[in-house]
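Here are a few exercises to work through with the model open in your viewer. Try each task before you read its solution.

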Amino acid sequence: MQTALSIALDAFAYGMALFIICIGLSLTMGLMRLVNLAHGAFAMIGGYIASYAARDLGLGYGYGFGIALAVAGTVLIAVPLERLLFRRIYDRSALSQVLMTIGITFCVIGITNYVFGPTLKTIPLPADLARPIDLGFRSIAGHRLFVIASGLAVAGGLWFLIERTGFGIKLRAAVENAPMSRALGVRTELIYAASFALAVALAAFGGAVGAEFLPIEPYYALRYMVTFLVVVSVGGAGSIPGALAACLLLGAIDVTGRYLMPDFGNFFFYLAVILVVCAFPRGLMGRAP
Amino acid sequence: MMNRRIFGRLMQAGALVLAGGLGLAGAAAADTVKVGIIGPFSGPFALQGKNFQAGVEAWLAQNGKSVAGHDVEIVYRDLPAANPQQARALAQELIVRDKVQYLGGVYFTPDAMAITPLLKQGNVPLVIFNAATSAIMTSSPLVVRTSFTTAQTTTPLGKAVVDRGVRKFVTAVTDYGPGVDAEIAFKKAVEAAGGQVVETIRMPLNTTEFSPIMQRIRDAGAQGVFAFLPSGPPTLGFVKSFNDTGLKQGGVKLFATGDLTQESDLPALGEAASGMITGFHYAVSHDSDANRRFVAAAEKAIGGPGQLSFPAVGAYDGMYVIAKMIAATGGKQDAEKAVEAVKGLAWESPRGPVRIDPETRHITQTIYLREVAKDDKGHWINKEIQSFPEQADPGLAK
Amino acid sequence: MAQASAPMAAATPARDLGRDLAGLALILAAGLAGYWLFPDNLSFLTRLISVALLVLSLDLIVGYCGIASLGQAALYGAGAYAAGIACLNGVTEPFLLILIGAAAGAVTGLLMGTVMLRAHGLPQLVLSIAIVQLLHEAANKAAWLTGGSDGLAGMVPAPLFGLFEFDLWGRAAYLFGLGLLVAVFVALKLLVRSPFGMVCRGLKEDPLRVSALGISAFPVLLRMFVISGAVAGMGGALGAISTQVVGLDSVSFELSANALVMLVLGGLGNLYGALIGTVVFMAVEHVVAAIDPFHWMTLVGALLIAIVLFAPRGLSGTLDEAARILARRPRRAGP
């Protein structure tokens, strides 16, 4: 029982880290119909900025400052990219989008490798988060609890934003019927740019807080691309509860599988993916196309 | 007849122009010995490739760009990940078109296996800077290796840790060739020394989340863990998990081969790895004049401290071996003579005294027991605490 | 893609035949030119042919059936390992090995198709990824059979026709590969022109209308999967024969992704596009990586971005366009 609880906690933390990174991708793919394989690249950029801020500028500014800088900096980098590149492929075929965003990923990897070198970068944690916290049945790194809390906050905040605010209504309208929304005075270009920025900000945030799970290095952008893509489509692109369910389910299967039969760890994961996709061809909570 | 010759010339000229246009041409000067180096210079293992380059450049910086009057020219070729087809294509081009007399580098075993069948026909020796499976050496008599094998670094470690009073072990290795090699070698060594391996865990590749593995280790109730993972992100995840889940505080000892604590990863591992004990053939902090000279040159070549680690010393010593080969053959292409000339060759490497075993053509060297600790400047290093001289590769011992 | 295929389908059979013969002659000429002009790069060119077969096979299901796949290397790897294992067990005749590779690829294609055709769009793509990852994992675990991560080594294929060895210079391997490629290309040209090929294309353009004709999609697409598997398997077998080592990379996601990139680069739904994409991508990668082994990835990335921006229909589409402009023919509108 104690072991089961302990594993469940690990799975939960891991799933939440995945969720924070993937939810932005789910939004771009589901709402903006943009297959953005460069999403991991933005998460990586966020991680690098946070690492640079916390490590090289000194921790004096704090972990929170590093993360805030990561989000702001990554969005700042992404905005010109959106104007120059992404905007041209919103209405192109999925395969063109794949080609372009893989190209962007290659460039980002190459440039990162050149600028920061190929070594691993860490984001030093403040003492409070680095300490193991005793939960009675086991100790857990404080950071993991922080990730869980962040994940829940992100899920709640996004749900509120999309379902309950004016921006959310306009976004959903623009997705359902762009020409009609334009005719009604919604500036879809702005809406798209804003939601792209939001997705990038989430990626950067996830890259920074998830760095303990997915360490920051130049190849990050490609290494985890498959995982992100799998999680998003298992959940159903564009659905927040779906992405949350997928992250928790896949996180649980991954972690439990590795505990029970580490030899066949990856088998469980991909078998589960095949079974889930076959059972729910639109993802766990996907919208009808 | 005449026409055909002119046609042939034209074709040749055309080919040259094309090749030149592609930026591939490069007719060798009269007396230049070309050395082709294949390594992962981009992609997920770019750091290791960069270390190859640093080792080579360090050797050239110290010894000049000519050997016994023959200019040495290095041709680098990128092979980002294990890909035997590409390895063969690169090696073939280096031999046939670039006319290299020596091949060096090679990070992954399957790539080496794809190159070895070409060596005899190409009359080219291959000096392996890394790829660490025993079987490569038996696949061609023209292979010499200046790195290590997993069994070579693990066997003395197994003995040493039992001698230090730990009896009950769990092994946790990544589930691929080298990991399995390490598991088998460690288990054998520990059992020979009177210890016991109570559980062997094989972990999936490409995992960075290790808490379930830690839970298993805890369940097994071992005093010590032996780990083997490919260097890079998985290592960091493993060591962090080991700390975060309280195993370290619970008094469980973590042992590994030096791949886990390669110097370029140490700043990231930091405090988490403190006290970890590893067995390996080279530490950047090794205390000798030869090593200090090497480190100075290699750090300059790699462009800053903190990125240098073990592949560089394999490359550096590889260049030493290649230079001896060039000198022994007088710059002429004669692979058999070249390999013959370095059999039994012994010298002082930055890692300590080494020797090419005449039987196996693999390097015999000192294996060190090291502990992750801070040096007097506050940098994390692999501090050598015990040495096991004259270690051959147990995988090749007959 | 729709525009690219529509005029071709509408053209007269005679013009089609002329175009096909011209295209075939061009491939042969290019292949032989490669042999004469780059006699020192034949190993690379053979690898290129092997990958071209993979990309062609991918075009069959992506370009002609509209099934997105990022797992095509599963089929390629099945062929490579089957040929490799057969070769180590005494079957060394190259033609036979190619057939074994094709058979293994076809069987894998059957299985993969059965699973993948259950979904559409993104989930289908993810199924393909999961399948190739599973096979990759299986090949790693079955080290006693496949050599695992150390690779399957030591195979020595018999000389071609009992005369020409697969040696350092790789002439036999290259000409063997070129012959195979041309034969496969002709067969595929016939296939995509056949009523069966038309049905596939119809299913891609308008599944509803085709099913209204009383044609059930699943068996048709599954058959195409099997054919695609056979072609990819031949590519894998060619790779195994010419390299004499099979590594885990031949069943990897990376290879699958590269194949898709090459296909989209060249242009979908048009067999020439698959060839052009493979040649351009691999040649650029090869040359750029040779010039700057350390930073070539950035340049390749920039190339991909440029292609999407400036050649939206792939290289073959742009060539088509250019040819049309040169011939001053007004472009026919697509459906």
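**Exercise 1. A covered helix**

Take helix H8 (residues 211-220) of chain B in this predicted model and work out how many of its 10 residues are buried.

Solution. Start with the count: 7 of the 10 residues in H8(B) are buried, so the helix is mostly covered, taking buried to mean 20 or more other C-beta atoms within 10 Å. Next, put names to them: B:Ser211, B:Pro212, B:Ile213, B:Met214, B:Gln215, B:Arg216 and B:Ile217. Then look at what they pack against. Within chain B, that's strand E7 (168-174), strand E8 (196-203), strand E9 (224-228) and helix H9 (233-244). Chain A joins in too, with helix H1 (2-30) and helix H12 (240-260). Finally, step just past the end of H8(B), where B:Gly221 has a positive phi of about 65°.

**Exercise 2. The sheet in chain B**

Find the order of the 6 strands in the open sheet of chain B, and say which strands sit at its edges.

Solution. Walking across the sheet, you get E2-E3-E1-E4-E5-E6, with mixed pairing. The edges are strand E2 (66-67) and strand E6 (143-145) of chain B, each of which pairs on one side only. Now zoom in on one pair: strand E1 (residues 32-39) and strand E3 (residues 70-78) of chain B run parallel and are joined by 8 bridges. For a handy marker, pick B:Val33, whose bridge partner in E3(B) is B:Val72. Last, add the helix: H3 (residues 84-96) of chain B lies across E1, E3 and strand E4 (102-105) of chain B, at about 175° to E1(B).

**Exercise 3. What chain C touches**

Describe the side of chain A and the side of chain B that touch chain C, by element and by residue class.

Solution. Take chain A to begin with: 37 of its residues are in contact with 31 residues of chain C. Helix H4 (94-116), helix H11 (225-235) and helix H13 (265-279) of chain A each give two or more residues to that side, and H4(A) has the largest share, at 15 residues. By class, this side of chain A comes to 27 nonpolar, 7 polar and 3 charged residues.

Now chain B: 38 of its residues are in contact with 32 residues of chain C. Helix H1 (2-21), E3, H3 and helix H4 (109-122) of chain B supply at least two residues each. H3(B) makes the largest contribution, with 9 residues. The class tally for this side of chain B is 19 nonpolar, 13 polar and 6 charged.

**Exercise 4. Domains and the core**

Which domains does the assignment give for chain B, and which residues touch the most other members of the largest nonpolar core?

Solution. The domain assignment gives domain 1 (29-148 + 288-361) and domain 2 (151-280 + 367-391) of chain B. Their C-alpha centres lie 29 Å apart. Across the boundary, 11 residues of domain 1 are in contact with 12 of domain 2, and the domain 1 side has 5 nonpolar, 6 polar and no charged residues.

On to the core, which holds 348 residues; A:Cys22, A:Leu99, A:Val231, B:Val225, B:Ala227, C:Leu53 and C:Val126 touch the most other members. Helix H3 (residues 42-62) of chain C gives the largest share, 15 residues. Both domains of chain B take part, with at least three residues from each. To finish, check A:Cys22: beyond four places in sequence, its contacts are A:Phe228, A:Val231, A:Val232, A:Ala243 and A:Cys247.

How values were computed
Residues are numbered from 1 along each chain as its sequence is written. Chains are lettered from A and ligands numbered from 1 in the order in which they are written. This is a predicted model: local features need pLDDT of at least 70, side-chain atom pairs count only at pLDDT 80 or more; totals for chains, interfaces and linings use all residues. A nonpolar core is a set of buried Ala, Val, Leu, Ile, Met, Phe, Trp, Tyr and Cys residues joined through C-beta atoms within 7 Å. A residue is buried if 20 or more other C-beta atoms lie within 10 Å of its own, exposed if 12 or fewer, and partly exposed in between; C-beta atoms are placed from the backbone. Helices (H or I, at least four residues) and strands (E, at least two) are DSSP runs, numbered from the N terminus. Domain bounds come from an automatic or database domain assignment. Two residues are in contact if their C-beta atoms, placed from the backbone, lie within 7 Å. Ala, Val, Leu, Ile, Met, Phe, Trp, Tyr, Cys and Pro count as nonpolar, Asp, Glu, Lys and Arg as charged, and the others, Gly among them, as polar. Two strands pair if DSSP finds at least two bridges between them. Axes are lines fitted to C-alpha atoms, for helices over the stretch in contact, and angles run from 0 to 180 degrees between N-to-C directions.
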